[in-house]
Amino acid sequence: MARASTPQKKAVATVAAWTIGLLIFFPILWTILTSFKTEADAIANPPKVLFFDWTLENYGVVQERSDYARYLWNSIVIAGGSTLLGLIVAIPAAWSMAFVPGKRTKDVLMWMLSTKMLPAVGVLYPIYLVMIRLGVLDTKGALIVVLMLINLPIIIWMLYTYFKEIPGEILEAARMDGASLREEILYILTPMAVPGIASTLLLNIILAWNEAFWTLNLTAAKAAPLTAFIASYSSPEGLFYAKLSAASTMAIAPILIMGWFSQKQLVRGLTFGAVK
Amino acid sequence: MATQHSRSAARLMMAPAVILLLGWMLVPLVMTLYFSFMDYRPLRGIAECCVGFQNYERFITSSSFADSVGVTLIMVGGILAITVIGGVLLAMLLDQPMWGQGIVRILVIAPFFVMPTVSALVWKNMFMDPVNGVLAHVWRFFGAAPHDWLSQSPLFSIILIVSWQWLPFATLILLTAIQSLDSEQLEASEMDGAGFLSRFWFIVLPHLARAITVVVLIQTIFLLSIFAEIFVTTQGSFGTRTLTYLIYQRVLESQNVGLGSAGGILAVILANIIAIFLMRIVGRNLDA
């Protein structure tokens, strides 16, 4: 609803929005700044904002003391693996629901959405038990499967809303030209669906990366991703702000950047197409 | 347009997703339901079936249940109030013409991408710490005694942390909705002499009603299962034990699986009631 406005109005809006925007962003900015301070500067009173001895030392120490790279690798494998696995299962399902809808397609979609609403804590113990029995507790594979399953409804829904926007006439034309189902998917649909698939991929990596119920409860030393690693960082008093900040900055930076790229798709993905 | 052949192919393509989700939903749920009727305490080697509704009775009549429901309602209600009201105001502000709109948008959306354990720890240590926290410095700057957030007002502190994470979500969705508002309608009403408040009340708010409902419902689903923020900050003490956290403690910490499972089933029922409303809205949109 952008309207014509006077320069004064625009200036007021600019100042107000920037002030609030910077306030909201401040905790992240402060964390990033603190990660470059020495521990002494990090708890200096009054706080040092920009004029301190910038150092990269914390990043090295975090890696040295706690093998940060291993947790990072776990996060990458778990978030990436669950997203790819989810796409493999979801693309055919979403494709068939969008292009060959049956009488019950809508019910199936709604039912899938309903599985997302199941409170995780209600099924925590059974999952925990099954994993112990199968001997897969604290393995990346188990977490990949669990995160794939909790995000599968979102992946299918997102893809479905994207596929729905591809005009069906193109498919009919291809069929008349004698394209097989496989060719149809491979050569016609896939290229048109790539943008939708890409944003689904992005959003789901973000969701899986930040997931903190299952990753905290189903991992220990071996498969723990960054969410669990950071949670282990609560030591009682002061003196570790800079290292905490360095670890946090590394944990959120890749997702922050991905998130900024996918903010438009985020709305569609997280509202199941109810707000576009 | 679909032939018999493509129909059966379509069913085949849906099968893996449907089977996986069905298994994921049914198997654990049936197990939880079964456990909820058992006296099941694995650490003591007790696993007796069946004790009827004893677990449910004990869970519901214990004072911790009533407390946890209260805490959950306050927490979810508080976060919803802050994020929805803040989100509407912020979305309206961001919709105004300004310089650097794209950058402000990026700044505002950022907290949503911060993993829950990071935001909880950063807030807890670097902001709410009564000695070295940024808020303590600010309080001192204004000559006030620093507030020990997490021990003096733990529930409010957690509400604040989680609101910070979800305000961007509400803002982004409401901004998307506002941008689809017909500007001519607003201009016309402005010419007719409608003030800012009446324009907001009679045009903007009704237009946003649907988006607000969606935000409230989706956030409620996610907020009911807040876990990491409590786990990292108070571990459920000082009156911050939500229903989710209570069940977690029963099941994993004290390993009273029967009792916890009864709680789990109650949580499932509760979530379903909310889910029905959300599904109606989403479903209506599917027809359009």
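**Group meeting: chains A and B, and how they meet**

Okay, let's start with where the two chains touch: 87 residues of chain A and 94 residues of chain B take part in the contact. Keep in mind throughout that this is a predicted model. On the chain A side, helix H1, residues 7-34, gives the largest share, with 16 residues. If you sort that side of chain A by class, you get 63 nonpolar, 20 polar and four charged residues.

Let's stay with H1(A) for a moment. Which helix of chain B does it cross at roughly 30°? That's helix H4 of chain B, residues 101-109, and the two axes come within 7 Å. An angle under 35 degrees counts as roughly parallel, so that is what we call H1(A) and H4(B). The crossing is left-handed. From H1(A) you have A:Ala17, A:Trp18, A:Gly21, A:Leu22, A:Ile24 and A:Phe25, and they meet B:Val104, B:Leu107 and B:Val108 in H4(B). By class, that contact has eight nonpolar residues, one polar and no charged ones.

Now a helix pair inside chain A. Helix H4, residues 68-99, and helix H9, residues 181-210, cross at roughly 140°, with their axes coming within 9 Å. Roughly antiparallel would need an angle over 145, so H4(A) and H9(A) are oblique to each other. Their crossing is right-handed. The residues making this contact include A:Ser75, A:Gly80, A:Gly86 and A:Trp95 from H4(A), and A:Ile185, A:Leu201, A:Asn204 and A:Trp209 from H9(A). The class count here is 11 nonpolar, six polar and no charged residues.

H9 of chain A comes up again with helix H13 of chain A, residues 263-270. Which residues of that helix are buried? They are A:Leu266, A:Val267, A:Arg268, A:Gly269 and A:Leu270, so yes, there's an arginine in that list. What do these buried residues pack against? From chain A, helix H7 (140-164) and H9, and from chain B, helix H8 (154-179) and helix H10 (196-223).

On to a few spots in the loops. A:Pro167 is in the loop between H7 and helix H8 (168-176) of chain A. Is A:Pro167 buried or exposed? Exposed, because just 9 other C-beta atoms lie within 10 Å, and the cut-off for exposed is 12 or fewer. The C-alpha atoms of A:Pro167 and A:Phe99 are separated by 9.4 Å, although these residues are 68 apart along the chain.

Two residues have a positive phi without being glycine. A:Asp138 has a phi of about 60°, and it lies in the loop between helix H6 (124-134) and H7 of chain A. B:Gln255 has a phi near 50°, and its loop runs between helix H12 (243-253) and helix H13 (257-287) of chain B. A:Asp138 is partly exposed, with 16 C-beta neighbours inside 10 Å. B:Gln255 is also partly exposed, again with 16 such neighbours.

Last, the annotations on chain B. In an unreviewed entry, UniProt lists residues 69-278 as "domain: ABC transmembrane type-1". In the model that span is 77% helix and 0% strand, with its end C-alpha atoms 21 Å apart. UniProt's unreviewed entry also lists transmembrane regions in chain B, among them 106-123 and 262-282. Residues 106-123 are 67% helix and 0% strand, with 20 Å between the end C-alpha atoms. Residues 262-282 are 100% helix, and their end C-alpha atoms lie 30 Å apart.

Terms used. Residues numbered from 1 in each chain as written. Chains lettered and ligands numbered in written order. Predicted model: local features only at pLDDT ≥ 70, side-chain atom pairs only at ≥ 80, totals over all residues. Contact = placed C-beta atoms within 7 Å. Helix = DSSP H or I, 4+ residues; strand = E, 2+ residues; numbered from the N terminus. Nonpolar A, V, L, I, M, F, W, Y, C, P; charged D, E, K, R; others polar. Axes fitted to C-alpha atoms, helices over the stretch in contact; angles between N-to-C directions. Parallel < 35°, antiparallel > 145°, perpendicular 65-115°, else oblique. Left-handed = near helix turned anticlockwise from the far one by under 90°. Buried ≥ 20, exposed ≤ 12 C-beta atoms within 10 Å, placed from the backbone. UniProt positions renumbered as here; feature names shortened; annotations may be inferred.
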